[in-house]
Amino acid sequence: MIVLEWLFLTIAPCDAAEPWQLGSQDAATPMMQGITDLHHDIFFFLILILVFVSRILVRALWHFHYQKNPIPQRIVHGTTIEILRTIFPSIIPMFIAIPSFALLYSMDEVVVDPAITIKAIGHQWYRTYEYSDYNSSDEQSLTFDSYTIPEDDLEFGQSRLLEVDNRVVVPAKTHLRIIVTPADVPHSWAVPSSGVKCDAVPGRLNQISISVQREGVYYGQCSEICGTNHAFLSIVVEAVPRKDYGSRVSNQLIPQTGEA
Amino acid sequence: MKTHLGFIRKYTSMLGFEIFPDFATDFTSFQQISKMAGSRVAHATLKGPSVVKELCIGMALALAAGSLWKMHHWNEQRKVRQFYDLLEKGEISVVVQEE
């Protein structure tokens with residue numbers, strides 16, 4: 001089994017894209033875990049069909065090779081096999097549909113009222129994040145811009161075209177609501193390890209709910225072509241322990257209120 | 001049609017192989033063949049493959065390969081569950097402690 005495990009090289013060690021990566025990033029939310037499990041369920045049927053069809057094809061090529069089988073068959077009908085090859089393939093999509101629809105509808109369901117709402121606004125070519133939960137209506141909300149760090153300014157160990165100057169700090173194990181919208185052209189807020197890809201459509205507020213299950217730093221990239229610097233518009237979500245979240249936000253709030 | 005077939009038969013025999021066998025004799029042997037067992041692919045001279053046997057072997061191999069994948073999936077699920085259990089208990093941490 002160890003040999004077999006070695007053969008299945010799939011799991012990326014961090015929550016960002018890896019060179020030569022095969023498979024999804026490690027799941028950080030229940031939604032992403034559900035997506036990964038659904039993929040595994042469907043892949044089971046894929047393997048079933050691939051092995052079966054390849055076997056039958058190879059055997060047919062073997063048995064009916066012109067040297068071994070000089071006289072070709074003239075059979076044109078076979079009622080039993082036609083019934084079987086219609087019914088079995090129609091059952092497989094039923095087995096795929098059940099977990100697929102279960103996941104789809106569970107993703108739309110917002111069971112728990114989110115504790116925090118964050119607005120992610122896409123611009124050409126940077127992102128703005130707003131935390132509006134901590135101010136009264138006449139105060140300005142905690143807002144900051146997030147630019148991708150240019151290649152020349154990267155420190156050792158940082159990822160190219162992924163690191164940003166200001167990360168989105170969120171508490172772990174907390175229900176979050178992310179509202180995604182653009183300021184100009186369409187963008188898309190995507191973080192693969194959270195199982196999130198939400199289009200930012202001009203004139204529209206799209207909402208997603210996530211709950212990050214472990215602390216960590218999660219990377220994503222813009223997923224809707226938005227101009228010449230579409231590749232330079234990355235997303236970094238930093239999930240911190242709940243007890244540290246308050247101090248992180250207040251540290252960010254203080255310079256803002258100082259400016260005001 | 002007969003003229004064309006005659007031309008093709010002559011042409012192919014010049015090339016050394018026959019692709020249009022004699023219809024009269026073959027039709028007779030075809031009648032004999034069609035009376036043989038349905039699950040066996042009929043052949044005039046050689047023993048053909050059994051369709052049921054090939055399908056069963058194919059399904060068995062497919063299920064074996066699928067089982068390997070399922071075992072990998074369950075193993076991965078177990079590792080993930082173990083990881084989150086240990087994280088919950090505090091035995092492991094993903095946060096680097098500040099010095």
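# Strands, cores and helices in a predicted model

Visitor: What makes strand β1 (residues 116–122) of chain A mostly covered?

Guide: In β1(A), 6 of the 7 residues are buried. Buried is under 20% relative accessible area, exposed is over 50%, and partly exposed lies in between, with a 1.4 Å probe and protein chains only. Strands (E, at least two residues) and helices (H or I, at least four) are DSSP runs, numbered from the N terminus. This is a predicted model, in which local features need pLDDT of at least 70 and side-chain atom pairs count only at pLDDT 80 or more, while totals for chains, interfaces and linings use all residues. Residues are numbered from 1 along each chain as its sequence is written, chains are lettered from A and ligands numbered from 1 in the order in which they are written, and side-chain values use heavy atoms, with hydrogens and water left out.

Visitor: How do you know that β1(A) pairs with β2(A)?

Guide: Two strands pair if DSSP finds at least two bridges between them. β1(A) and strand β2 (residues 127–131) of chain A have 5 bridges in the antiparallel sense, so they pair. One of the bridge partners in β2(A) is A:Y129, opposite A:A120. With 4 residues between them, β1(A) and β2(A) form a hairpin.

Visitor: What joins β1(A) to strand β5 (residues 175–182) of chain A?

Guide: There are 7 bridges, and these two strands run parallel. A:I118 has A:I178 in β5(A) as its bridge partner.

Visitor: Why is A:S146 called buried?

Guide: The relative accessible area of A:S146 is 2%, under the cut-off, so A:S146 is buried. A:S146 is found in strand β3 (residues 142–146) of chain A. Contact means heavy atoms within 4.5 Å. Beyond four places in sequence, A:S146 is in contact with residues including A:Y126, A:R127, A:Y129 and A:D165. A:P93 is 53 residues from A:S146 in sequence and 43 Å away in space, C-alpha to C-alpha.

Visitor: What makes a set of residues a nonpolar core?

Guide: The members are buried Ala, Val, Leu, Ile, Met, Phe, Trp, Tyr and Cys residues joined through side-chain atoms within 4.5 Å. The largest such core has 31 residues, and A:I118, A:Y129, A:Y131, A:I178, A:W189 and A:V237 touch the most other members. Strand β10 (residues 234–240) of chain A gives the most to this core, 4 residues. Setting aside sequence neighbours within four places, A:V237 is in contact with residues including A:V168, A:W189, A:V191 and A:Y218. Apart from the largest core lies another, of 7 residues, among them A:F44, A:I47, A:L48 and B:A65.

Visitor: How do you know that the span of helix α3 (residues 51–89) of chain B is close to that expected?

Guide: The expected span is 1.5 Å times one less than the number of residues. For the 39 residues of α3(B) that is 57 Å, and the helix reaches 56 Å from its first C-alpha to its last. Buried residues of α3(B) include B:A65, B:W69 and B:L87. Just after α3(B), B:G90 takes a positive phi of about 90°. Chain B has 3 helices and 0 strands.

Visitor: Which residues of chain A does the UniProt annotation "transmembrane region" cover?

Guide: The unreviewed UniProt entry gives residues 42–62 and 83–105. UniProt positions are in the numbering used here, feature names are shortened, and annotations may be inferred rather than shown by experiment. In the model, residues 42–62 of chain A are 100% helix, with end C-alpha atoms 30 Å apart. Residues 83–105 of chain A are also 100% helix, with end C-alpha atoms 34 Å apart.
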